[in-house]
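Open the structure in your viewer and keep the selection panel at hand. Each stop below says what to select and what is there.

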Amino acid sequence: MGIFQRLSDLLKANINDLIDRAEDPEKLVKQIIIDMQQELNTSTQALGKAVASERMVEKQYNTAVAASQNWEAKAKAALAAGDQELAKKALANKVKADADVANYKEMYETISAQTDAIRNQVEVLKAKLEEAKSRQAMLIARSQMADTQKNLAKSLSGIDTNSSFDKLNRMEEKVMQKEAEAAAFAEIGGVTGEPDSFEELEKNAKVDAELQRLMAEMSGGTTLDKPTV
């Protein structure tokens with residue numbers, strides 16, 4: 001049963017503990033799958049050999065049982081014919097066949113028990129292998145997520161957020177100062193928010209309106225007001 005020592009270790013192993021100790025959990029999980037698959041292949045081959053041995057011994061057992069029955073029938077036939085010596089020879093062969101029956105029966109029961117044990121362990125390994133395969137993707141995803149979180153934490157730990165925000169605040173203050181200076185220079189230089197051309201246009205319209213009013217008063221008539229701009 002030495003071939004199942006590795007199987008026993010795999011079934012008893014705590015995968016999470018192994019991952020904690022591994023430098024590369026993803027490689028370890030994949031290697032566990034490979035090891036279990038190889039062990040399953042080896043165990044399946046051993047099971048095949050055990051089944052073959054079981055069938056061979058079973059055939060020898062059945063042959064011995066048939067021989068015993070055959071020699072007993074011959075002994076009965078000899079007695080029926082009144083030949084005791086021939087009956088004794090037949091019974092001697094029957095005794096030998098009965099010994100073979102007992103030996104092959106014991107061998108068959110031993111091999112059958114071993115075959116059942118191997119078969120059960122193969123089934124357990126198959127179930128564990130399927131479970132490991134179903135968990136493989138999840139464990140690898142968790143490992144990758146942990147790596148991402150770890151790398152992000154390392155990146156953030158190397159950044160002084162307070163210092164960065166202080167620099168942004170100082171930059172904003174400088175920009176505001178420049179905006180205030182620009183507004184002050186514009187005010188000093190007489191720059192307003194409305195272009196000079198529009199002011200001049202409005203002023204000329206008022207002058208024209210006053211001119212029309214005075215001309216109308218002096219002529220004693222009325223003059224149509226021009227629309228003001």
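The tour goes from the whole chain to its core and then to its charged side chains.

**The whole chain**

Before selecting anything, note that this is a predicted model. Show the chain as a cartoon: the secondary structure comes to 6 helices and 0 strands. Read from the N terminus, the elements run α-α-α-α-α-α. Now switch on the surface. The protein exposes about 17300 Å², and carbon and sulfur atoms supply 56% of that area. Of the 229 residues, 19% count as buried.

How much of the contacts with a separation of 6 or more comes from residues 24 or more positions apart? The share is 79%.

**The largest nonpolar core**

In soluble globular proteins, nonpolar side chains tend to be buried together. To see the largest nonpolar core here, select Ile 32, Ile 33, Met 36, Leu 40, Leu 47, Ala 50, Val 51, Ile 118, Val 122, Leu 125, Leu 129 and Ala 132, which make up its 12 residues. Colour helix 3 (25-80) and helix 4 (84-157): each of them supplies at least two residues of this core. Helix 3 gives the most, with 7 residues.

Next, centre the view on Leu 129. Which residues does Leu 129 touch, leaving aside those up to four places away in sequence? They are Ile 33, Met 36, Gln 37 and Leu 40.

**A lysine over a ring**

Select Trp 71 and Lys 74. Lys 74 lies over the face of Trp 71, at 4.5 Å from the ring centre. If you look for paired aromatic rings as well, the count comes to 0 aromatic pairs.

**Salt bridges**

Side chains of opposite charge can pair when their charged atoms come close. The structure holds 9 salt bridges, and three of these stops show examples.

*Glu 72 and Lys 94.* Select both residues and show their side chains. They form a salt bridge, with the closest N and O atoms 3.9 Å apart. Glu 72 is in helix 3 and Lys 94 in helix 4, 22 residues apart, and the pair links distant parts of the chain. Are these two residues buried or exposed? Glu 72 is partly exposed, with a relative accessible area of 31%, whereas Lys 94 counts as buried at 15% relative accessibility. The cut-off for buried is under 20% relative accessible area, so Lys 94 falls below it. Add Lys 76 and Asp 98 to the selection: Glu 72, Lys 76, Lys 94 and Asp 98 are linked in a network of salt bridges.

*Glu 131 and Arg 135.* Move along helix 4 to this pair. Their side chains meet in a salt bridge of 3.7 Å, N to O. The two residues are 4 apart in the helix, so about one helical turn separates them. Glu 131 counts as partly exposed at 35% relative accessibility, and Arg 135 is partly exposed too, with a relative accessible area of 27%.

*Glu 217 and Arg 213.* Finish in helix 6 (residues 196-219). Here the side chains of Glu 217 and Arg 213 meet in a salt bridge of 2.9 Å, N to O. What separates the two along the helix? Being 4 residues apart, Glu 217 and Arg 213 are separated by about one helical turn. Glu 217 counts as exposed at 53% relative accessibility, while Arg 213 is partly exposed, with a relative accessible area of 39%.

Terms used. Residues are numbered from 1 along each chain as its sequence is written. This is a predicted model: local features need pLDDT of at least 70, side-chain atom pairs count only at pLDDT 80 or more; totals for chains, interfaces and linings use all residues. Side-chain values use heavy atoms; hydrogens and water are left out. A nonpolar core is a set of buried Ala, Val, Leu, Ile, Met, Phe, Trp, Tyr and Cys residues joined through side-chain atoms within 4.5 Å. Buried means under 20% relative accessible area, exposed over 50%, partly exposed in between (1.4 Å probe, protein chains only). Contact means heavy atoms within 4.5 Å. Rings of Phe, Tyr and Trp (its six-membered ring) pair if their centres lie within 6.5 Å; planes under 30 degrees apart count as stacked, over 60 as edge-to-face and the rest as tilted. A charge sits over a ring if NZ of Lys or CZ of Arg is within 6 Å of the ring centre and within 35 degrees of the ring normal. A salt bridge is a side-chain nitrogen of Lys or Arg within 4 Å of a carboxyl oxygen of Asp or Glu. Accessible areas come from the Shrake-Rupley method with a 1.4 Å probe; for residues, only the protein chains shown count as cover.
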